[in-house]
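User: I am new to reading protein models and would like to go through one feature by feature. Please give me the general idea each time, and then the case in front of us.

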Amino acid sequence: MLALLYCCLLPMTQGSDTLDLLDATEPSPDLAQPSSHLAEQIRDMHAKVLEMWQEMTRQRREADGPGEALHAVCRVQPSSTLAAEQPRVTGLVLFRQLAAGARLEAFFDLEGFPAKPNVSSHAIHVHQFGDLSRGCESTGPHYNPRAVPHPQHPGDFGNFAVRDSRLWKYRSGLAASLAGPHSIVGRAVVVHAGEDDLGRGGNQASVENGNAGRRLACCVVGTSGPEAWARQAQEHAERRKRRRESECKAA
Ligand SMILES: [Cu+2]
Ligand SMILES: [Zn+2]
């Protein structure tokens, strides 16, 4: 790991909580000035540092052992109310919480998004009901046990970059929980056709649901053993290792 750090020039290793909450794949708006090559380099480096930090944090947690960890699985299926021409998104969302009060971690592994030349961005949220009787439409609004505006709901997972019709992401530091009175077990994860405006859309819907558009696919969160998480974690680590190796060779 150290060799990899040096290889990719990594001076920054502080503030893990903040780093955990950031998405390494999406550019920081304040660094995204066009025509600035330096800003682009900094942004790329920033993204690499964040990814590596997330990976190190995850490995450190795994080394601490399974303890009383809680796990859950959600098998994503296209909404049964979708029109035939809509994309059919399928896959898995896995959750782990190392203790009842700990922050949640999740793997998102989804495919079937529309093929686009550029990266697209899709919102994913936890909705109130685990009711799929009318597809994803019957899952209700965002799960909002504290009556706060969007995007402060516990299941506001934000936006996810989709490349080549696929989304594969590990996130940690999530506010949702698999235990206690505000558990998300039995509720729905919903994948949207559009991007979450994160409450900045200037209308009522923005502070309720982020104007994220059509509900493409969803699933109900159910408790599970640790096996699915362990498999996904191993696959994820191998994939990242391969990617880093190829980046370092190219540098
Ligand atoms: Cu939603
Ligand atoms: Zn929300």
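Analyst: Let us begin with the vocabulary: helices, which are runs of at least four residues, and strands, which are runs of at least two, are taken from DSSP and numbered from the N terminus. The model shown here is predicted, and its protein has five helices and 10 strands. With that naming we can place a residue such as Asn211, which is found in the loop between α4 (206-209) and β9.

User: What is the phi of Asn211?

Analyst: The general idea is that most residues other than glycine have a negative phi, and that most peptide bonds are trans. Asn211, although it is not a glycine, has a positive phi of about 50 degrees. Asp164, in the loop between β6 and β7, also has a positive phi, near 50 degrees, and is likewise a residue other than glycine. As for the peptide bond, the one from His150 to Pro151 is cis, with omega near 5 degrees, and Pro151 lies in the loop between β5 and β6.

User: Does a residue count as exposed or partly exposed, taking Asp164 and Asn211 as cases?

Analyst: The reading rests on relative accessible area, where under 20% is buried, over 50% is exposed, and what lies in between is partly exposed. Asp164 has 74% relative accessibility and therefore counts as exposed, whereas Asn211, at 33%, counts as partly exposed. Lys48, which sits in helix α3 (residues 37-63), is at 33% relative accessibility and so counts as partly exposed. Taking the protein as a whole, buried residues make up 43% of its 251 residues.

User: Which residues of the largest nonpolar core touch the most other members?

Analyst: In soluble globular proteins, nonpolar side chains tend to be buried together. Here the largest nonpolar core has 29 residues, and Phe95, Ile124, Phe157, Ile184 and Val189 touch the most other members. Several strands supply at least two residues each to this core, among them β1 (70-78), β2 (90-97), β4 (120-127) and β8 (188-192), while β3 gives the most, with four residues. Another core, of seven residues, lies apart from it and includes Leu92, Leu94, Phe107 and Ala233. To see one member of the largest core in its setting, take Val189: leaving aside neighbours within four places in sequence, Val189 is in contact with residues that include Cys74, Phe95, Ile124, His125 and Cys218.

User: Which residues coordinate the copper ion (ligand 1), and which the zinc ion (ligand 2)?

Analyst: To read a metal site, one lists the donor atoms and then looks at where their residues fall along the chain. The copper ion (ligand 1) is coordinated by His125 (ND1), His127 (NE2) and His192 (NE2), at 2.0 to 2.1 Å, and the spacing of these donors is H-x1-H-x64-H. Since His125 lies in strand β4 and His192 in strand β8, the pair ties together parts that are 67 residues apart in sequence. Both His125 and His192 are buried. The zinc ion (ligand 2) is coordinated by ND1 of His142, His150 and His153 and twice by Asp156 (OD), at 2.0 to 2.6 Å, with the donor residues spaced H-x7-H-x2-H-x2-D in sequence. His150 and Asp156 are buried.

User: How many residues line the second largest pocket, and which residues line the largest cavity?

Analyst: Rolling a probe the size of a water molecule over the atoms shows where empty space is left. The second largest pocket holds about 240 Å³ of space, and of the 13 residues that line it, Pro145, Arg146, Pro154, Ala175 and His182 lie nearest its centre. Its lining divides into seven nonpolar, five polar and one charged. Pro145, in the loop between β5 (133-136) and β6, is in contact with Pro154 and His182, if neighbours within four places in sequence are left aside. The largest cavity holds about 30 Å³ and is lined by Pro114, Lys116, Asn118, Ser120, Val162, Arg163, Asp164 and Ser165, of which two are nonpolar, three polar and three charged.

Notes. Residues are numbered from 1 along each chain as its sequence is written. Chains are lettered from A and ligands numbered from 1 in the order in which they are written. This is a predicted model: local features need pLDDT of at least 70, side-chain atom pairs count only at pLDDT 80 or more; totals for chains, interfaces and linings use all residues. Side-chain values use heavy atoms; hydrogens and water are left out. Donors are N, O and S atoms within 2.8 Å of the metal (3.2 Å for Na, K and Ca); water is not among the atoms, so sites may look incomplete. Buried means under 20% relative accessible area, exposed over 50%, partly exposed in between (1.4 Å probe, protein chains only). On a 1 Å grid over the protein atoms alone, a cavity is a set of points where a 1.4 Å probe fits but cannot get out, and a pocket is an open set with protein on both sides within 12 Å along at least five of seven lines; lining residues have an atom within 4 Å of a point. Grid points are joined across faces, edges and corners, and a volume is the space filled by probe spheres set on the points. Ala, Val, Leu, Ile, Met, Phe, Trp, Tyr, Cys and Pro count as nonpolar, Asp, Glu, Lys and Arg as charged, and the others, Gly among them, as polar. A nonpolar core is a set of buried Ala, Val, Leu, Ile, Met, Phe, Trp, Tyr and Cys residues joined through side-chain atoms within 4.5 Å. Contact means heavy atoms within 4.5 Å.
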